[in-house]
Amino acid sequence: MFFIDPHIHMVSRTTADYEMLALSGVVAVSEPAFWAGFDRSPAGFVDYFRQLTEFEPRRAAQFGIQHYSWICLNPKEAQDLGKAREVLAEIPKFLSCPSVLGIGEIGLNKNTPNEAKVFQQHVQIAIDAASQGPSGAKHALILIHTPHLEDKLKGTRMILEMLRDFGSAIDPARVLIDHVEEHTIELVKDAGYWAGMTIYPISKATPARAVDMIEMYGPQRLCVNAAADWGISDPLNTHRTMLEAQRRGHRLPELLQVFHNNPAEFFGQNSKFAVKPIKVQPLS
Ligand SMILES: [Zn+2]
């Protein structure tokens with residue numbers, strides 16, 4: 001079984017974790033920019049973006065893993081509009097790095113007006129990125145974080161509304177909305193967006209709940225990740241979800257679709273992403 005981990009914060013993980021991921025079938029990882037556990041200065045963000053685009057791809061390559069990243073100011077630090085202005089000014093030049101797939105993980109944390117403003121500014125950067133490409137180019141891919149627990153439903157609704165306000169400038173097929181749960185997955189999928197489910201030990205979904213959602217809403221436009229970071233988290237929760245699906249009788253083509261081909265299809269909309277979907281031929 002091959003995996004693409006569509007959401008993992010490798011800057012917080014050890015090199016031994018890269019080896020473990022390679023040994024467990026992970027061929028590529030996608031790392032959104034996020035909160036480090038403490039607030040950084042604008043200069044600290046530039047250093048972080050360099051770590052994501054220069055150091056992590058080399059560390060992953062030692063184990064045959066392709067490392068891709070996403071650039072943004074995380075929603076938690078977006079409360080500071082002065083800092084946001086400085087950090088957002090740095091983003092366009094990193095978007096052209098060979099391993100950067102788009103803008104992310106933007107979104108909301110506590111659903112404040114400042115967070116919403118910075119979310120919209122990020123979306124505008126994604127749209128403006130298209131105007132610098134060949135004419136007719138689509139906006140940069142966007143990866144979105146939805147808030148935790150009691151803020152999730154309201155935050156997801158706010159995010160969908162703000163995206164809708166951009167009208168035809170936003171193509172839902174080029175946006176992945178992450179950390180969906182039972183009460184938000186339908187809103188996201190019905191509006192045509194990709195949805196990400198996060199299997200995280202403290203908050204968010206469990207393997208059994210994630211497989212329930214795959215069964216209820218279908219595997220199309222659905223990705224599974226462990227969002228492993230510096231908190232209590234486990235990169236193998238993606239694999240545990242695959243095992244739960246296998247235990248319930250889901251077969252290889254469907255498992256490959258959810259854990260490898262769906263992320264390959266979504267990320268592959270950016271030609272920098274080099275891992276192609278795997279087609280399984282039935283044995284004759
Ligand atoms: Zn994350």
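**View 1. His179 sits in the loop between strand 6 and helix 6 (185-190).** The model shown here, as in every view, is predicted. His179 has a positive phi of about 60°, although it is not a glycine. Most residues other than glycine have a negative phi. Is His179 buried or exposed? His179 counts as buried, because 26 C-beta neighbours lie inside 10 Å and the cut-off for a buried residue is 20 or more.

**View 2. Leu149 has a positive phi in the loop between strand 5 and helix 5 (152-165).** Its phi is near 45°, and Leu149 is a residue other than glycine. Leu149 is exposed, with 9 other C-beta atoms within 10 Å. The cut-off explains the label: a residue with 12 or fewer such atoms counts as exposed. His179 also has a positive phi, but His179 counts as buried.

**View 3. Strand 5 and strand 6 pair in the parallel sense.** Strand 5 covers residues 141-145, and strand 6 covers residues 175-178. Four bridges link the two strands. Which residue of strand 6 is the bridge partner of His145? The partner is Asp178. In a regular strand the side chains alternate between the two faces of the sheet. Both faces of strand 6 are covered. Val175 and Ile177 are buried on one side. Leu176 and Asp178 are buried on the other. Asp178 therefore appears twice in this view: as the bridge partner of His145, and as a buried residue under the cut-off of 20 or more C-beta atoms within 10 Å.

**View 4. Eight strands form an open sheet.** The strand order is 1-2-3-4-5-6-7-8, and the pairing is parallel. Which strands are the edge strands? They are strand 1 (3-5) and strand 8 (222-225), and each pairs on one side only. Neighbouring strands of the sheet are turned by 25° against each other on average, direction ignored. Helix 9 (residues 252-267) packs on this sheet. Helix 9 touches both edge strands, strand 1 and strand 8. Its other contacts are with strand 2 (26-32), strand 3 (66-71), strand 4 (100-107), strand 6 and strand 7 (194-198). The direction of helix 9 makes about 115° with that of strand 8.

**View 5. A cis peptide bond joins Gly104 to Glu105.** Omega of this bond is near -15°. Most peptide bonds are trans. Where is Glu105 placed? Glu105 belongs to strand 4, one of the strands that helix 9 touches.

**View 6. Helix 2 and helix 3 come within 9 Å, axis to axis.** Helix 2 covers residues 42-61, and helix 3 covers residues 81-95. Their axes cross at roughly 25°. Helix 2 is therefore roughly parallel to helix 3, since angles under 35 degrees count as such. Helix 2 passes helix 3 in a right-handed crossing. From helix 2, Pro42, Phe45, Val46, Phe49 and Thr53 make the contact. From helix 3, the residues are Lys83, Glu86, Val87, Glu90 and Phe94.

**View 7. Helix 7 and helix 8 cross at roughly 55°.** Helix 7 covers residues 207-217, and helix 8 covers residues 237-247. Their axes come within 9 Å. At this angle helix 7 is oblique to helix 8. The crossing of helix 7 past helix 8 is right-handed. Helix 7 brings Pro207, Ala208, Ala210, Val211 and Ile214 to the contact. There they meet Asn237, Arg240, Thr241, Glu244 and Ala245 of helix 8.

**View 8. Ala116 lies in helix 4 (residues 113-132).** How many C-beta neighbours does Ala116 have inside 10 Å? It has 18, so Ala116 counts as partly exposed. Beyond its neighbours within four places in sequence, Ala116 is in contact with Leu108, Met158 and Met162. Ala116 and Gln79 are 37 residues apart in sequence. In space they are 9.2 Å apart, C-alpha to C-alpha.

**View 9. The chain has nine helices and eight strands.** This last view sets the close-ups in context. The C-alpha trace spans about 60 × 40 × 40 Å along its principal axes. The radius of gyration is 18 Å, which agrees with a value near 19 Å for a compact globule of 284 residues. Buried residues make up 45% of the 284. Among contacts between residues at least 6 apart in sequence, 71% join residues at least 24 apart.

Terms used: Residues numbered from 1 in each chain as written. Predicted model: local features only at pLDDT ≥ 70, side-chain atom pairs only at ≥ 80, totals over all residues. Rg over C-alpha atoms; globule rule 2.2 N^0.38 Å. Contact = placed C-beta atoms within 7 Å. Pairing = 2+ DSSP bridges. Axes fitted to C-alpha atoms, helices over the stretch in contact; angles between N-to-C directions. Parallel < 35°, antiparallel > 145°, perpendicular 65-115°, else oblique. Left-handed = near helix turned anticlockwise from the far one by under 90°.
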